Each structure stands twice: as C-alpha cells, then as structure tokens.
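Subject: Structure handover and notes

Dear colleague,

Here is the structure I said I would pass on. Please have it open while you read the notes below.

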Amino acid sequence: MCGIIGYVGTDEVVPVILDGLGRLEYRGYDSAGMAVLGADSIRILRAEGKLRNLEQRAYHEPMHGTTGIGHTRWATHGAPTEANAHPQVDASGDIAVVHNGILENYAGLRRELLQDGVELASDTDTELIAQLLGRESGPLGERVLRVMPLLVGQYAVVAVCRSEPDTVVAFRQGPPLVVGIGEGENTVASDVTALLHRTRKVLYLENGEFAVVRADGVELRDAAGAPVEREVETLDWDAGRVEKGGYRHFMLKEIFEQPDAIRNTVRAYLDADRSGVNLDGLGFSTEQLGKLRRIHLVACGTSWHSCLVAKFILERLTGLPTEVDYASEYRYRDPLLGDDLLLIGVTQSGETADTLAAMELAVRGGALLATVCNVRGSSSWRLATSRMLTQAGPEIGVASTKAFTTQLVALVALALALRASRGLADELDRKLITDLQRLPMAVEEVLRTDRAFYRLGTDILSEATDTLYLGRGILYPIALEGALKLKEISYIHAEGYPAGEMKHGPIALVTDGFPVVAVATATATRDKLLGNLMEVKARGATVLAVAESDADDVAEVAELVLPVPAVHPLLQPVVAVVPLQLLAYNVAVELGHDVDQPRNLAKSVTVE
Ligand code: AGP
C-alpha cells in the first residue's frame, strides 16, 4: 500500500528511483511519481496507472541529478489522478514530499491553509504536508521538527527542498521507514525490498523520529530534535530472494518455496537434538507463564485464517481458552485484558495498521504481547516483547502463500512449547514433532501432483461466477483461505463456509453445475462433510475436493479429487491449503489477471 524510495549519492537518480519503485510495485498502487533535485530546481514527473507510464514519461522528459524521491500511490484522499499522485509540492515549488498513510486532521489543516490564502492543487492530504513545510523557513530538518506536531494520523514522509540539493529528510508516525546505509550513498524506503540490492545495512526509524539523510551520513533525531543513537542492523535476506528466479509469477515461486520455508521455520524452533521445541528466544518468564490463563489471537486476512487454525491447535495442546478476532474489530470492542492474557499479533508484514493498534491496546491493558511475523525489525517485531519469526523469506505476491503456511508451523511450535511449559507434554508431542519434520516432504508431494488435475479444476472454476468452499473443524479456516485466494486474484466470487452451516442459507445458491470446493482430508468430521457434499450434489453442484488419494468415499462424491498425502489432523491445514493456492493461481492465469498485483489490493495495509 503505497511505496516510498529516496536516494542521495553519486548515481543518476532517475534509474535508481524507477528501479526502487519497481521493487515496491507488489505493494499495490494506482499512480506513481518522482522528484529530482537539480542545482537550483526540483523537477517533478507523475503519471496515472502503472509504473511503465512513469517510465515512458521519464524517457521522453529526461531529468538528471543524484538526489531524488519517488512514490507509488494507492489512493486514499482523492482519486488516482496525475494531480493527486506524489510527489506533492508546496505553493512556491521549493518543497516536494511523498507520503504513506492518512492524516486524520486533514479537514482542519486544509481549512486553515485555505484561510491563509494557500491555493491547493490537489485533493490529497499529502499536499498539506508540503504546504506546511513550505510555510516554515530554515533548513528542512528544522521545518520538519516544527511541522510534525501539527500532523495527526499516520504518516511516513520523505521530503526534499530546492535549497538543499544534497539532502533527503524522512519522518514517520505509523507506517514504516528504513534508511539503507551505503558507501557514499544512502537510500530511504518504506520497505527493505526496495533497497536490498544496494545494501543490507539498515537503520529503522521509530515513531516520532526524523532522519536527515545525506550521501556521507545520516542524522537521526527524536521529536524534540535531540540526536538519537541507534545501531545499524544487518539484514539476513539477500536480494536474489526478491527476484522471480525463472518463475512466471512471484506467487507461483512462493508456492513452490513452501517446502523450504516450512523446513526452515520448523528447524528454527526445534531443539538441537530435534526432540522438543525451543522457544527460549520468546523470553516468557516463569512468572508470566504461571499467570497465563487465556490467549487472544488478532490478525487480518490470511493471517486471521492462520489464527482460526491456531485456535484449534492451542486449545487442544495447551487447554488454554483461545479467542480469535479480526484486528480491526478487536481494537474497538473493549476486550477483556489483563496479565493472565497472552495476545498474539499474527502478521506477515509486521506493518498492518489494525493489527498493530490491537497489539498496542493489549499492552496498555497489561497483556503479555507476542507476535508471529515474517519481517525482523518490522513494527510488530519491535512492539512485541516476545517474537516468533516465520522463515518464509520475502513474500512479494500480494496473495499470501508461504507466509501463511509458515505461520501455521510457528503457531504449532508455540502451542507445543506452551504445552511443555504447563507440564502436559506426552507421546502426542513426540508424534507431532516427528510429523512437523516430515511436513516439507508432504508439501513437496502436493507440488509434484500431475498438472492434469489442475486443468479440470481450472476449467470448471474459470467459467464460474460464484463458488462455495466448504470445510469443517480445523479445515473450515482452510475453506475460508481457499475462497480468499480465489477471489483476490481471479475476481470470482468465492465464499468459505463451515459445511454444517451451509443448509442454513448458502445452499439456496446451489443449482446445476454450481462449483463447490471441499476441504475433505481425513478428520473426525469427514463423514459429516461427505453428508453435506451429498446434499449439494443432489442439487446439481459440481464438487471438487482436496483429499488423500486413497479416499474412495470422497472420490465417489467429487468430480475431481486434488490429492494430498496423509498427515496428522492438526497439521492437515498446512498441506490441504496448497492445492487451493495452485487452483486459484491457475484460474487467475487462465483468466489473464495480474496475479502478483491484483486490482485494489495492497501487500501491507498500513492504514486503518
Ligand atoms: C492475503 O492473500 C492478503 N495478502 C491479506 O489478506 C493479508 O494476509 C492481510 O492484509 C494481512 O497482512 P499481514 O499478514 O501482513 O498483517
């Protein structure tokens, strides 16, 4: 959701910015732009739509310089037009800014500036920041210090000033900003994927801080202007992991990376002798664990689905009552908090605004705070006292795949560790630990499935306008996830439903040829699910099912079975979701959609 890049150094800045914006495309956007500083000028180029439109303009209207900023915008205030694209400039044309986030006091600031006689050229809240900086005088860093207290809401801003052609200033409250430290050059970005190919040394800005970035150094200051000392971190991701590596799409590459991602995540939490789970890094004290009586899981989207699965696992393995909430609901529902509660924020990006707000609320209420997150150093990582890193590596496709399966694995490890801390470990634990280590092979087997299976499923679904995904128990969240995967990249309406609930409404949709996708691996409720499938079949539904290849009872009902190997019921979600990812991917490709950057969607949702 919006991407920022800023550069100051010795290279020609236009290719640096275009390259950086290209690496941020996956976040989702609908216009793009850049500002380049000359000896005494700021030149702006902006274009609606995809980055190639901006590239075309840059080709026909060449600009030169070694300092500049760029942005991909996902519209919030104002339509996705060229006038509303970033950078936005102040009335004098001296200041240019790019901005991720939303100003909540937009209306008041706008009124105030209009009363002051400022003529506004866009509908954006971003322009107000440029105008406020333009109204101040002095070095850009000092202007930022005076303007930050006037801004209410969420912002990550990078600004340049005509009179300081060798400086980029970055400041944030909410959405992330990171400075990449190079040799004779420095880069600012909203996301490390934009700068990984230039450096792995990074400095994260905290809320309320600003950084004055020049080619030869970075000054970090707090909201009062006092210098901040922070250690430069070295990232362990390498640039190759954000390339497609011969795959047609990032999503497909990431689906196929799942065995390794799962293997790495399992290994990260197993003891050296692989007989138990090691969560020493989580840092729970004995006293905290002793007080623990309840768990709340908060997340959004696909990460919320992993929480729904985790509820079954945590309650089964730890006996602790576990609630799952959409983060956007939790933050406003006045939940019952306290020091007997463990709140786990599950988020691939670590930057989802609602999840962060829910986590902050829980900390204020005295809860023990943990995060399961895929980005070390992200906002949720820094906010939580206990952290579990999923080892998925960078996930670029907007549709989450390997981040989801590694979240499930991390949450199983967490459940096993809490179980052991409560003295409950027994034979089941040993079995699960063995099966966890076999999971990558099980997923590899799914990925080796003959593509012919997917052909028929793809043909059926790509002609549909509506579909129903059904599952029961721990597989019901997988039905939700399968439906989400299909709808977000193929734009076919797909509803996930608990199969037993289907008779209470959705069955009215079922007519001749209506596709129903069932998650039908072997659990205690498979017979019940088969009964539900007979009901939809009796009304003309075409049933596709995910099941073990020897599940003859499923094969009798389903037009097509997408085969998966047998694994422990608590681990089935990890395996069962993979055919649904592939099915959705194939349908979206068949329909000619932009799989990695679906319309209207953003990779990390940094505004409420
Ligand atoms: C799923 O494919 C989406 N990318 C989306 O639902 C995502 O899971 C959600 O926005 C939460 O993101 P997070 O895990 O980064 O917090």
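The notes below go through the sheets, then two further elements, then some single residues.

The model is a predicted one, and the remarks should be read with that in mind.

**The parallel sheet**

Five strands make up an open sheet with parallel pairing, in the order β16-β15-β17-β18-β19. The edges are taken by β16 (322–326) and β19 (386–389); each has a single partner strand, so one side of each has no neighbour in the sheet. On average, and with direction ignored, neighbouring strands here are turned by 20 degrees against each other.

Within this sheet, six bridges pair β17 (residues 341–347) with β18 (residues 368–373) in the parallel sense. One position to look at is I344, whose bridge partner in β18 is A370. Helix α13 (residues 402–421) packs on the sheet and touches β15 (294–299), β17, β18 and β19. The direction of α13 makes about 165 degrees with that of β17.

**Helix α7**

Helix α7 covers residues 258–269, which is twelve residues. At 1.5 Å a residue the helix should span 16 Å, and its end C-alpha atoms are 17 Å apart, which agrees.

Which residues of α7 are buried? They are Q258, P259, A261, I262, T265, V266 and Y269. These residues cover an arc of only 165 degrees around the axis, so they lie on the same side of α7. As a reminder, an α-helix has 3.6 residues a turn, so residues three or four places apart point the same way.

The cover over the buried residues of α7 includes α6 (250–256), α14 (427–447) and α19 (572–590). It also includes β19 and α13, and both of these appeared above: β19 as an edge strand of the parallel sheet, and α13 as the helix packed on that sheet.

**Strands β23 and β24**

Strand β23 (residues 542–548) runs parallel to β24, and five bridges join the two. At one of the paired positions, E548 stands opposite V564 in β24. Between the two strands the chain passes through helix α18 (residues 552–557), and this β-α-β crossover is right-handed.

β24 (residues 560–564) is mostly covered, with five of its five residues buried. L560, L562 and V564 point one way from the strand, while V561 and P563 point the other way, and all are buried. In a regular strand the side chains alternate between the two faces of the sheet.

**The antiparallel sheet**

A further open sheet has six strands with antiparallel pairing, in the order β5-β6-β7-β8-β12-β13. Its edge strands are β5 (88–89) and β13 (217–221), each of which pairs on one side only.

Strands β6 (residues 95–103) and β7 (residues 153–161) pair in the antiparallel sense over nine bridges. Along this pairing, N100 stands opposite A156 in β7, and the bridge partner of G101 in β7 is Y155. β7 also pairs with β8 in the antiparallel sense, over five bridges. The two form a hairpin with six residues between them. A156 takes part here too, standing opposite R172 in β8. Eight of the nine residues of β7 are buried, which leaves the strand mostly covered.

Helix α4 (residues 126–135) lies across β5, β6, β7 and β8 (168–173), and runs at about 135 degrees to β6.

**Single residues**

The peptide bond joining H86 and P87 is cis, with omega at about 5 degrees. P87 belongs to the loop between β4 (67–73) and β5.

Two residues other than glycine have a positive phi:

- Y491 has phi near 65 degrees. Y491 is in the loop between α16 (476–490) and β21 (493–498), and is partly exposed, with a relative accessible area of 26%.
- N600 has phi of about 65 degrees. N600 lies in the segment after α19, and at 61% relative accessibility it counts as exposed.

Finally, P139 is in the loop between α4 and α5 (140–147). At 42% relative accessibility, P139 counts as partly exposed. P139 and G184 are 45 residues apart in sequence, and their C-alpha atoms are 22 Å apart in space.

Best regards

Terms used. Residues are numbered from 1 along each chain as its sequence is written. This is a predicted model: local features need pLDDT of at least 70, side-chain atom pairs count only at pLDDT 80 or more; totals for chains, interfaces and linings use all residues. Side-chain values use heavy atoms; hydrogens and water are left out. Two strands pair if DSSP finds at least two bridges between them. Helices (H or I, at least four residues) and strands (E, at least two) are DSSP runs, numbered from the N terminus. Axes are lines fitted to C-alpha atoms, for helices over the stretch in contact, and angles run from 0 to 180 degrees between N-to-C directions. Contact means heavy atoms within 4.5 Å. The expected span of a helix is 1.5 Å times one less than its number of residues. Buried means under 20% relative accessible area, exposed over 50%, partly exposed in between (1.4 Å probe, protein chains only). The arc is that of the directions from the helix axis to the C-beta atoms. A crossover is right-handed if, with the strands pointing away from the viewer, the path from the first strand over the helix to the second runs clockwise.
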